[in-house]
Amino acid sequence: MASFDVGAARAQRLEALGRTWSFTIDGDTFTLPTELDRRTARTLRGLDDNDVDGLLRALLGEKQYAAFDTHDITLQDIGAILEAYGKETGLGLGEG
């Protein structure tokens, strides 16, 4: 019986999607991971369902989040970003 090679499967997924997914706001580009590590997943699990800033901070990281936080962005904008992200990566993170 053949064994499942996790590294090869991950490499195939990353080749298809890339390591990051990006979006742009007013000329600033931000990247989100196409795969979540277990640490990020634990952080996300611990967040309140309405903690949009916590979600974005966990996905973007502190440096990108600080830059993101300077933009005047609506919850509808965030919902649209998360919807597009989910469609492209298969990661369903809900709506803002």
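Q: Which residues of α3 are buried?
A: In this predicted model, the buried residues of α3 are Val 52, Gly 54, Leu 55, Leu 56, Leu 59 and Leu 60. Buried here means under 20% relative accessible area, with exposed over 50% and partly exposed in between (1.4 Å probe, protein chains only).

Q: And how are you numbering and filtering things?
A: Residues are numbered from 1 along each chain as its sequence is written, and side-chain values use heavy atoms, with hydrogens and water left out. As the model is predicted, local features need pLDDT of at least 70 and side-chain atom pairs count only at pLDDT 80 or more, while totals for chains, interfaces and linings use all residues.

Q: Thanks! What do the buried residues of α3 pack against?
A: They pack against β1, β2, α2, α4 and α5. Contact means heavy atoms within 4.5 Å. Helices (H or I, at least four residues) and strands (E, at least two) are DSSP runs, numbered from the N terminus.

Q: Let's zoom out: how many helices and strands are in the chain?
A: There are 5 helices and 2 strands, and along the sequence they follow the pattern α-β-β-α-α-α-α. The C-alpha atoms fill a box of roughly 55 × 30 × 25 Å, taken along the principal axes. Of the 96 residues in the chain, 28% are buried.

Q: What share of the contacts comes from residues 24 or more positions apart?
A: They account for 46% of the contacts in the chain with a separation of 6 or more.

Q: Which members of the largest nonpolar core touch the most other members?
A: Those are Phe 23, Leu 32, Leu 56, Leu 60, Phe 68 and Ile 78, out of 18 residues in that core. Each of β1, β2, α3 (52–60), α4 (62–68) and α5 (75–89) supplies at least two residues of this core, and the largest share, 5 residues, comes from α3. For the term itself, a nonpolar core is a set of buried Ala, Val, Leu, Ile, Met, Phe, Trp, Tyr and Cys residues joined through side-chain atoms within 4.5 Å.

Q: Nice. What does Leu 56 touch?
A: Not counting residues up to four places away in sequence, Leu 56 touches Gly 61, Tyr 65, Phe 68 and Ile 78. Gly 61 sits just after α3 and takes a positive phi of about 85°.

Q: Back to helices: at what angle do α2 and α3 cross?
A: The axes of α2 (residues 38–45) and α3 cross at roughly 175° and come within 10 Å. Axes are lines fitted to C-alpha atoms, for helices over the stretch in contact, and angles run from 0 to 180 degrees between N-to-C directions. The two helices are therefore roughly antiparallel to each other; that label covers angles over 145 degrees, with under 35 roughly parallel, 65 to 115 roughly perpendicular and the rest oblique.

Q: Which residues meet there?
A: Thr 40, Thr 43 and Leu 44 in α2 meet Leu 55, Ala 58 and Leu 59 in α3. By class, this contact has 4 nonpolar, 2 polar and no charged residues. Ala, Val, Leu, Ile, Met, Phe, Trp, Tyr, Cys and Pro count as nonpolar, Asp, Glu, Lys and Arg as charged, and the others, Gly among them, as polar.

Q: How far apart are Leu 55 and Thr 40 in space?
A: They are 9.6 Å apart, C-alpha to C-alpha, and 15 residues apart in sequence. Leu 55 counts as buried, at 12% relative accessibility.

Q: Now the strands. How many bridges join β1 to β2?
A: There are 6 bridges, and the strands run antiparallel; two strands pair if DSSP finds at least two bridges between them. Trp 21 stands opposite Leu 32 in β2, and Ser 22 has Thr 31 as its bridge partner there.

Q: Which β1 side chains are buried?
A: Trp 21, Phe 23 and Ile 25 point to one face and are buried, while Thr 20, Ser 22 and Thr 24 point to the other and are not. In a regular strand the side chains alternate between the two faces of the sheet.

Q: What's in the turn of the hairpin?
A: β1 and β2 form a hairpin with 2 residues between them. Asp 26 in this turn has a positive phi of about 45° although it is not a glycine. Asp 26 is exposed, with a relative accessible area of 68%.

Q: Last one: is Phe 30 buried or exposed?
A: Phe 30, in strand β2, counts as buried at 3% relative accessibility. Leaving aside neighbours within four places in sequence, its contacts include Trp 21, Phe 23, Leu 60, Phe 68 and His 71.
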